[in-house]
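Here's a quick walk through one protein chain, written for someone who likes cut-offs spelled out. Have a look at the sequence and the model first.

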Amino acid sequence: MEVFLIKALQFILAISLLVLLHEAGHFFFSKLFGVRVEKFYLFFDLGIGKWSGKLFHKKPKNSDTEYGVGWLPLGGYCKISGMIDESFDTEQMKQPEQPWEFRSKPAWQRLLIMTGGVLVNFLLALFIYSMILFTWGEKYVPVQNMTRGMYFNEEARELGFQNGDIMLSHDGVDFGAFTADFYRDLAEAHEVTVLRDGQQVSLALPGNLDLLRMLQSDPRFASPLIPMCIDSVIVDSPAAQAGIAKGDDILSINHHDIANYNEFQQELGRLYDVYQSAETDADRQQALQTEVVFVHDGDTLTRTVVLAAEKKALKMGVYNLSLNNYEAVTVEYGFFESFPAGIKYGWNVLSGYVSDMKYVFTAEGAKSLGGFGTIGNLFPAVWDWHAFWMMTAFLSIILAFMNILPIPALDGGHVLFLIYEMITRRKPSEKFMIWAEYVGFGIVILLMIVANLNDLIRLL
């Protein structure tokens with residue numbers, strides 16, 4: 001419960017900050033051009049019966065704007081006078097046009113008002129990344145420094161990779177940190193150079209590997225090869241009860257040889273599949289009984305270990321965190337140096353996210369969509385300011401990109417119609433704009449339902 005609350009608090013804090021600043025972007029340009037903002041709300045105040053849906057609201061004296069917090073945490077909004085938006089206030093549009101209304105302003109001013117939120121979110125992400133680099137610097141382990149090489153799945157081995165290959169470069173460019181960019185580089189590479197048995201070997205790749213499948217496959221296309229020597233054992237775990245200790249080396253499980261920690265995890269995954277498919281309690285209990293051969297203080301021992309069944313896996317209670325033993329690179333930035341570095345970092349994140357959007361339109365991509373639960377789980381289980389700000393910056397970029405998509409009801413839909421007006425010198429009819437808003441709002445709600453339904457299915 002404590003972990004849930006910590007993650008939920010971080011999620012709410014990040015989303016509230018991003019939504020407030022996004023709407024503040026619209027608010028700023030509206031005020032700059034003399035457009036009246038009637039309401040400025042965090043979350044939606046969707047009324048139910050006689051209840052207004054407002055958790056808090058206040059209209060300062062001599063102000064045209066009502067500020068408040070709604071109950072429905074799906075974003076926020078500025079209700080701008082003379083504009084067809086998610087409030088669907090069509091009565092106002094039937095009245096004569098007023099000089100303080102959105103519709104009375106030149107197209108270029110309306111364009112800036114509509115892009116104000118996206119602009120703020122994008123600049124905010126770059127600023128946060130810059131301040132992260134200034135405060136904490138950048139620390140990572142280059143792929144080339146992973147001197148034990150990589151562990152590859154069957155698809156990768158069919159392309160010519162071998163377990164233990166040290167990744168050097170792709171299409172003549174050195175690999176960077178072991179992040180999602182590593183897999184993107186592999187997916188798009190036509191040639192990869194590896195170090196194998198002290199010799200450089202070049203491998204030809206198709207250049208169009210399925211990134212989503214590379215990340216979702218179990219085991220993954222490539223992952224750091226980790227030796228089996230145990231780094232830590234959880235107190236009172238099945239392994240500890242069987243006498244397995246730190247420094248021991250597991251040789252086999254149920255007569256399946258284990259050469260490294262990667263194969264150990266893969267074997268536990270196979271046993272979990274057996275456990276899940278068992279039809280009776282007796283069969284399930286039998287699946288938990290494992291014969292483990294391991295080396296302890298120089299002696300080879302055989303023990304029966306009863307694995308612990310958790311929601312999505314079987315656990316023995318041993319871990320190897322030897323990735324921490326690789327030499328990391330730390331780059332520190334001065335205050336002024338951090339800004340170009342933050343801009344470069346943020347742009348790279350945006351480019352990767354845009355590049356990955358093509359997978360959303362595949363069957364597997366649709367299944368991988370996540371809602372509030374998925375986003376909340378991306379935050380760490382303990383409060384970590386570095387991780388919090390990294391995640392907040394990432395969400396800010398996502399919010400900016402998603403809002404600029406040319407979907408009616410989003411900022412990008414309004415921008416699309418404004419560009420059409422600026423080119424043709426004709427405004428779309430109000431009837432068309434109203435129906436477009438309904439359709440766009442329906443698309444957004446449908447996407448949210450699918451994403452959150454995916455969360456529910458994963459939970460069940």
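What follows goes from the whole chain to its sheets, one helix and a few single residues.

First, the ground rules. This is a predicted model, so to speak of local features we need pLDDT of at least 70, side-chain atom pairs count only at pLDDT 80 or more, and totals for chains, interfaces and linings use all residues. Residues are numbered from 1 along each chain as its sequence is written, and side-chain values use heavy atoms, with hydrogens and water left out.

**The whole chain**

The C-alpha trace of the protein chain spans about 90 × 55 × 40 Å along its principal axes. Its secondary structure comes to 14 helices and 20 strands; these are DSSP runs numbered from the N terminus, with helices being H or I of at least four residues and strands being E of at least two. The chain has 460 residues, and 42% of them count as buried. Here buried means under 20% relative accessible area, exposed means over 50%, and partly exposed is in between, using a 1.4 Å probe and protein chains only.

On the surface side, the protein chain exposes about 24,800 Å², with carbon and sulfur atoms supplying 61% of it. Those areas come from the Shrake-Rupley method with a 1.4 Å probe, and for residues only the protein chains shown count as cover. How far apart are the mean positions of the positive and negative charges? For the 36 positive and 52 negative charges, the answer is 13 Å. Lys and Arg count as positive and Asp and Glu as negative, while His and the chain ends are not counted; each charge is placed at NZ of Lys, CZ of Arg, CG of Asp or CD of Glu.

Contacts, meaning heavy atoms within 4.5 Å, reach well along the sequence: among those between residues at least 6 apart, 67% join residues at least 24 apart.

**Two open sheets**

One open sheet has 4 strands in the order 8-7-9-10, with antiparallel pairing. Strand 8 (173-174) and strand 10 each have a single partner strand, so one side of each is left without a neighbour in the sheet. Two strands pair if DSSP finds at least two bridges between them. Strand 9 and strand 10 also form a hairpin with 2 residues between them, and D197 in the turn has a positive phi of about 55°.

The other open sheet also has 4 strands, in the order 14-13-15-16, again with antiparallel pairing. Strand 14 (256-257) and strand 16 (299-306) are its edges, each with a single partner strand, so one side of each lacks a neighbour in the sheet.

Here are some of the pairings:

| Strands | Sense | Bridges |
|---|---|---|
| Strand 7 (residues 166-170) and strand 9 (residues 191-196) | antiparallel | 4 bridges |
| Strand 9 and strand 10 (residues 199-204) | antiparallel | 6 bridges |
| Strand 13 (residues 249-253) and strand 15 (residues 289-296) | antiparallel | 4 bridges |

As for individual partners, I166 stands opposite L195 in strand 9, T193 has S202 in strand 10 as its bridge partner, and D249 stands opposite V295 in strand 15.

**Helix 4**

Helix 4 (residues 180-188) has F182, Y183, R184, L186 and A187 as its buried residues. They pack against several elements, including strand 7, strand 9 and helix 9.

**Single residues**

K7 sits in helix 1 (residues 2-32). Is K7 buried or exposed? K7 counts as buried because its relative accessibility is 17%. Beyond its neighbours within four places in sequence, K7 is in contact with G376, N377, F379, P380 and A381.

R270, in helix 7 (residues 261-277), is partly exposed at a relative accessible area of 34%. Its side chain makes a polar contact of 2.6 Å with that of E267. A polar contact is a pair of N or O atoms within 3.5 Å; within protein, one must be able to donate a hydrogen and the other to accept it, and residues adjacent in sequence count only if both atoms are side-chain atoms.

Y333 lies in the loop between strand 20 (329-331) and helix 9 (335-356). Not counting residues up to four places away in sequence, Y333 touches L133, F134, E138, S338 and A341. With E138, the side chain of Y333 makes a polar contact of 3.0 Å.
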